[in-house]
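Thanks, everyone. Please look at the screen while I talk.

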Amino acid sequence: QALRPQADVSVALTEFRADGTQRAVSRDWVPEVPVALEFNGLAYAVMMATPQDLEDFAIGFAMAEGLAHSAADCTDIAIAEVDTGWIVRAALSGLGIDKLTERVRTRVAESSCGLCGIENLAAITAPLPPVAAHDRIDPAAIFRALGTLPDHQPLTRATSAAHAAAWVDASGSIGCVREDVGRHNAFDKLVGARARGGQPLSPGFVLSTARCSYEIVEKAVRGGATTLVCVSLPTSMAVDRARAAGLSLWALARDDSVLLVSDGSA
């Protein structure tokens with residue numbers, strides 16, 4: 001399947017540099033959309049994915065989940081684009097049927113929700129709460145925080161295999177850092193640490209070493225942040241969600257430059 005056309009392809013952005021200058025640049029976002037997977041008419045999972053090679057995705061996912069032993073167990077694959085994403089439907093045969101039925105039954109019992117694929121997609125794309133009014137941060141604060149972040153990453157120094165999420169004040173001074181092997185976990189730990197201390201994520205900003213996908217944006221918004229800085233470029237959905245909520249999003253943060261992707265202060 002071809003990629004679904006994106007609204008923000010080769011968009012114009014402003015790059016702020018450590019020497020105090022700025023310039024206009026152009027960037028593309030990697031497409032990220034919700035893809036609902038249904039097997040034998042049962043909604044199994046909604047995954048965030050790039051909408052290409054979805055037939056391969058369905059077969060590989062079924063094999064990785066233990067629902068299929070080979071491609072021959074996963075047939076009659078139908079792919080449909082809907083307003084909120086994509087739905088991939090497939091017929092499952094063999095021993096995977098019992099596992100599929102048991103997994104769906106367990107998931108429904110856990111969540112008390114037997115949503116169909118379209119309803120699951122709608123839930124993922126539901127609007128986020130609006131971000132509070134805030135001022136634009138000084139790019140110099142980002143560069144200052146990036147320069148001192150390694151000093152707050154003992155697990156990363158020891159293993160070179162952990163993510164970090166940091167709360168940084170408006171001057172660029174790091175106030176709290178949490179690390180974890182999982183990028184989501186590190187962010188959740190930071191939100192929890194600040195909440196336990198009765199300290200909000202704003203004013204100031206959150207600096208994350210994670211890949212900037214939609215989940216990181218949503219965690220920032222729901223955690224009360226007004227500005228998020230990531231070391232990677234965001235996905236298309238991350239950009240859309242940040243702009244819709246009014247979250248200021250800075251990306252591709254390096255020691256000499258950073259991109260302003262979403263200016264929620266404007």
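I will go from the whole chain to the main sheet, then to a few single residues.

First, a caution: this is a predicted model. Now the overall picture. The chain holds eight helices and 12 strands. It has 266 residues, and 46% of them count as buried. Take the contacts with a separation of 6 or more: 54% of them come from residues 24 or more positions apart. The accessible surface is about 12400 Å², with 52% of that belonging to carbon and sulfur atoms.

Next, the sheet. Eight strands form an open sheet in the order 2-1-12-11-10-9-7-8, and the pairing is mixed. At the edges sit strand 2, residues 22-27, and strand 8, residues 174-180, each pairing on one side only. From one strand to the next, the twist averages 25 degrees.

Let me pick one pair from that sheet. Strand 9, residues 205-208, runs parallel to strand 10, residues 227-230, with three bridges. Ser208 is opposite Cys230 of strand 10.

Now the helices on the sheet. Helix 4 covers residues 139-148 and lies across strands 1, 7, 8, 9, 10, 11 and 12. Relative to strand 9, helix 4 runs at about 45 degrees. Helix 8 lies across strand 1, strand 11 and strand 12. Its angle to strand 12 is about 65 degrees.

Why call helix 8 largely enclosed by the rest of the structure? Helix 8 spans residues 236-245, and seven of its 10 residues are buried, so the rest of the structure largely encloses it. The buried set is Ser236, Met237, Ala238, Val239, Arg241, Ala242 and Ala245. Note the arginine in that list: Arg241 is buried too. A general reminder on helices: with 3.6 residues a turn, residues three or four places apart point the same way. Right after helix 8 comes Gly246, with a positive phi near 85 degrees.

Keep Gly246 in mind for the next residue, His134. Where is His134? His134 sits in the loop between helix 3, residues 117-124, and helix 4. Is His134 buried or exposed? Its relative accessibility is 13%, so His134 counts as buried; the cut-off is under 20%. What does its side chain contact? A polar atom of the His134 side chain lies 2.8 Å from the backbone oxygen of Ala132. The His134 side chain also makes a polar contact with the side chain of Ser248, at 2.8 Å. Beyond four places in sequence, His134 touches Thr226, Thr227, Gly246, Ser248, Gly264 and Ser265. So Gly246, the residue following helix 8, is one of the contacts of His134.

Last stop: the hairpin. Strand 3, residues 33-39, pairs with strand 4 in the antiparallel sense, over seven bridges. Two residues lie between the strands, and Asn40 there has a positive phi near 55 degrees. Pro34 faces Met48 of strand 4.

One neighbour deserves a word: Met47, in strand 4, residues 42-49. Met47 is partly exposed, with a relative accessible area of 29%. Leaving out residues up to four places away, Met47 touches Val33, Pro34, Val35, Leu37, Phe57 and Phe61. Glu32 is 15 residues away along the chain, and its C-alpha atom lies 9.8 Å from that of Met47.

That is the tour. I'm happy to take questions.

Definitions and conventions
Residues numbered from 1 in each chain as written. Predicted model: local features only at pLDDT ≥ 70, side-chain atom pairs only at ≥ 80, totals over all residues. Heavy atoms only, no water. Helix = DSSP H or I, 4+ residues; strand = E, 2+ residues; numbered from the N terminus. Buried < 20%, exposed > 50% of the residue type's maximum accessible area, 1.4 Å probe, protein only. Contact = heavy atoms within 4.5 Å. Areas by Shrake-Rupley, 256 points an atom, 1.4 Å probe, with all protein chains shown as cover. Pairing = 2+ DSSP bridges. Axes fitted to C-alpha atoms, helices over the stretch in contact; angles between N-to-C directions. Polar contact = N/O pair within 3.5 Å; in protein donor to acceptor, adjacent residues only side chain to side chain.
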